[in-house]
Amino acid sequence: MRDLFELRDADVAGRIAELTVPRTGLTVETPALLPVINPHIETVSPARMAELGVEIIITNAYIFHGSDDRREAVEREGLHEHLGFDGAIMTDSGSFQLAEYGEIDVTTEEIVEFQHQIGSDIATPVDIPTPPDVDRERAERELHTTQDRIERAATLDVGDMLLTAPIQGSTYPDLREASAAHAYATGLEVFPIGAMVPLLNDYRFADIADLVVAAKRGLGADAPVHLFGAGHPMMFALAVAMGCDLFDSAAYALYARDGRYLTVRGTRHLDDLDYFPCECPVCTARTPEDLRAGDESERERMLAEHNLNVSLAEIRRIKQAIRRGDLLELVEARARAHPTMLDGYRALLDHADWLEQQDPVGDGPFFSLSAESARRPEVHRHHARLDRLAVPDRVLLATDLNDLPRGINDDYDGVWPLTPPFGPYPPALTQTTPLTAEVPSTPDRQSIDEAIAGIRRLAEANPESAFGVYAPDWPFPELDLPENLSIRSTESTDSSPSRSDDGR
Ligand code: GUN
Ligand code: ZN
């Protein structure tokens, strides 16, 4: 069933794809946000969600299963009619309740069969959401149980209902990768990364990035990845850049109940807002004061609808960024929302080698906006190709070709531009990505260090060539530069090893 997920466009490790959901006969465009429908509380109706552009929702089969009335109604009507939604519906199994309350009273076979019976489009076995930071022995033992249940689920006859194979392994990246590889090998169709809620609640975005990348390493490129429990729009761009395709949001409703207003830069409380920083219909038709003064259930409903609007808008913005190829610029902006988001972005950049393999084209715009920009995969890619360039015998690398000391050119066969954070490149590449990058005229230290790393790499790859570097403001390390490299200073034209100054 692997051709169910067709990639349309990609940037960083993020992608736009079409997920075919055979049971509805529909396709869902990803990245997609699945609003969580809690059968106990309805703030925004599924029918209204469809009007807002929602193609797929998620609900919890275990909650229906646990109440006689509800079970009967949903068995009779089917999930789609019962909820009043004719898009795709994914169901969870009760594993979350298992994590919260320690036990549940259904088996994987029972709950998968039930999900099939009520018409779910994408069903979930009873995985064990092992919490973060448990000892390794427990993480392994519970992972084995999860894997056993996924294997059993894969043998059930579920017709054309899709099944998820959740990925667990606590905070052990190697277990996450092994879990993902095992899940992928079962041939099941959708791959949720589980037990992230405690990490999300504690803003542990660096750990999340490491664990998501670990899971991604175990999966094929054609595996749709769901990040279980990730519902805050602040982190969608980062999560998509890591390669997550599906999110579920209970946050839109849970936060609304507490008077909390979601934005892409974090959560605000309605009581603290004088203005709505949002263009959605809820926020343009009224002021925070209007909402505070109004009826309580109306307030909750309007907040939930805004929270959903802002989340869906962020997903659209992310898709457009993938189309344009500037998803990292969006991630960069979101990383400024909270220091822990910056930790998450930095942790993702620690995997720049992996990111680069995910997006071998990388031909989008590059705006150098921070020290982090210097660690983007495009910089790695440029450094890697420095080993393969044809280099003149004597070449000058210079930051400003228009302001060279008089006569310095005479010492060299060619002059190459030197731009932070990339480093040197042949003039012929000037108009090619990523060297068309927009960089500030006041580079930060990290960008200069990366450019120097590029110079070193070029010099070491070409020991038979001699390199001069003219970068008057850069701090070069005193020691440890390759022998075929000399640093030229402003007044250094007569310090050339081979020639004296031109006849002044
Ligand atoms: N919802 C949030 N986290 C999880 C998880 O780890 N497993 C399942 N099945 N549902 C979840
Ligand atoms: Zn709004």
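# A guided tour of the predicted model

Begin by selecting helix α19 (residues 377–386) together with helix α20 (residues 445–461), which pack at an angle of about 20 degrees with their axes 8 Å apart. At that angle, under the limit of 35 degrees, α19 and α20 are therefore roughly parallel to each other. Viewed along the line of sight through both helices, the crossing of α19 and α20 is right-handed. To display the contact, show the side chains of V379, H383, A384 and L386 on α19. On α20, the partners to show are E450, A453, G454, R457 and L458.

The coordinates in the viewer are those of a predicted model.

**The whole chain**

Next, zoom out to the full chain. Its C-alpha trace spans about 100 × 55 × 40 Å along the principal axes. A cartoon representation displays 20 helices and 18 strands. If the chain is coloured by accessibility, buried residues account for 56% of its 504 residues. Of the contacts between residues at least 6 apart in sequence, 67% join residues at least 24 apart.

**A second helix pair**

Now select helix α10 (residues 205–218) and helix α17 (residues 339–349). Their packing angle is about 30 degrees, and their axes lie 7 Å apart. That angle makes α10 roughly parallel to α17. Where α10 passes α17, the crossing is right-handed. From α10, the residues that make the contact are F205, A206, A209, D210 and V213. From α17, they are T340, M341, D343, G344, A347 and L348.

**The zinc site**

Move on to ligand 2, a zinc ion. Which residues coordinate the zinc ion (ligand 2)? Select C278, C280, C283 and H306: the three cysteines each contribute SG, and the histidine contributes ND1. The coordination distances are 2.1 to 2.3 Å. Why is the arrangement around the zinc ion (ligand 2) tetrahedral? The four donor atoms subtend angles of 97 to 120 degrees, and the arrangement is tetrahedral because of these angles; for four donors, the criterion is that all angles lie between 85 and 135 degrees.

In the sequence panel, the donor residues of this zinc ion follow the spacing C-x1-C-x2-C-x22-H. Turning on a surface for the protein chain then shows two of the donors, C280 and C283, to be buried.

**I63 in helix α2**

Select I63, which is located in helix α2 (residues 61–65). Is I63 buried or exposed? The relative accessible area of I63 is 18%, and the cut-off for a buried residue is under 20%, so I63 is buried. Leaving aside residues up to four places away in sequence, I63 touches N38, P39, H40, R70 and Q97. For a sense of scale, draw a distance from the C-alpha atom of I63 to that of T442: the separation is 57 Å, and the two residues are 379 residues apart along the chain.

**L143 in helix α7**

Finish at L143, a residue of helix α7 (residues 136–155). L143 counts as buried because its relative accessibility is 4%. With residues up to four places away in sequence again left out, L143 touches Q168, L175 and S179. A last distance to draw runs from L143 to E460, residues that are 317 residues apart along the chain; their C-alpha atoms are separated by 46 Å.

Technical notes: Residues are numbered from 1 along each chain as its sequence is written. Chains are lettered from A and ligands numbered from 1 in the order in which they are written. This is a predicted model: local features need pLDDT of at least 70, side-chain atom pairs count only at pLDDT 80 or more; totals for chains, interfaces and linings use all residues. Side-chain values use heavy atoms; hydrogens and water are left out. Donors are N, O and S atoms within 2.8 Å of the metal (3.2 Å for Na, K and Ca); water is not among the atoms, so sites may look incomplete. Four donors count as tetrahedral if all angles lie between 85 and 135 degrees; four count as square planar and six as octahedral if opposite donors are over 155 degrees apart and all others between 65 and 115; anything else is irregular. Buried means under 20% relative accessible area, exposed over 50%, partly exposed in between (1.4 Å probe, protein chains only). Axes are lines fitted to C-alpha atoms, for helices over the stretch in contact, and angles run from 0 to 180 degrees between N-to-C directions. Helices (H or I, at least four residues) and strands (E, at least two) are DSSP runs, numbered from the N terminus. Angles under 35 degrees count as roughly parallel, over 145 as roughly antiparallel, 65 to 115 as roughly perpendicular and the rest as oblique. A crossing is left-handed if the near helix is turned anticlockwise from the far one by less than a right angle, and right-handed if clockwise. Contact means heavy atoms within 4.5 Å.
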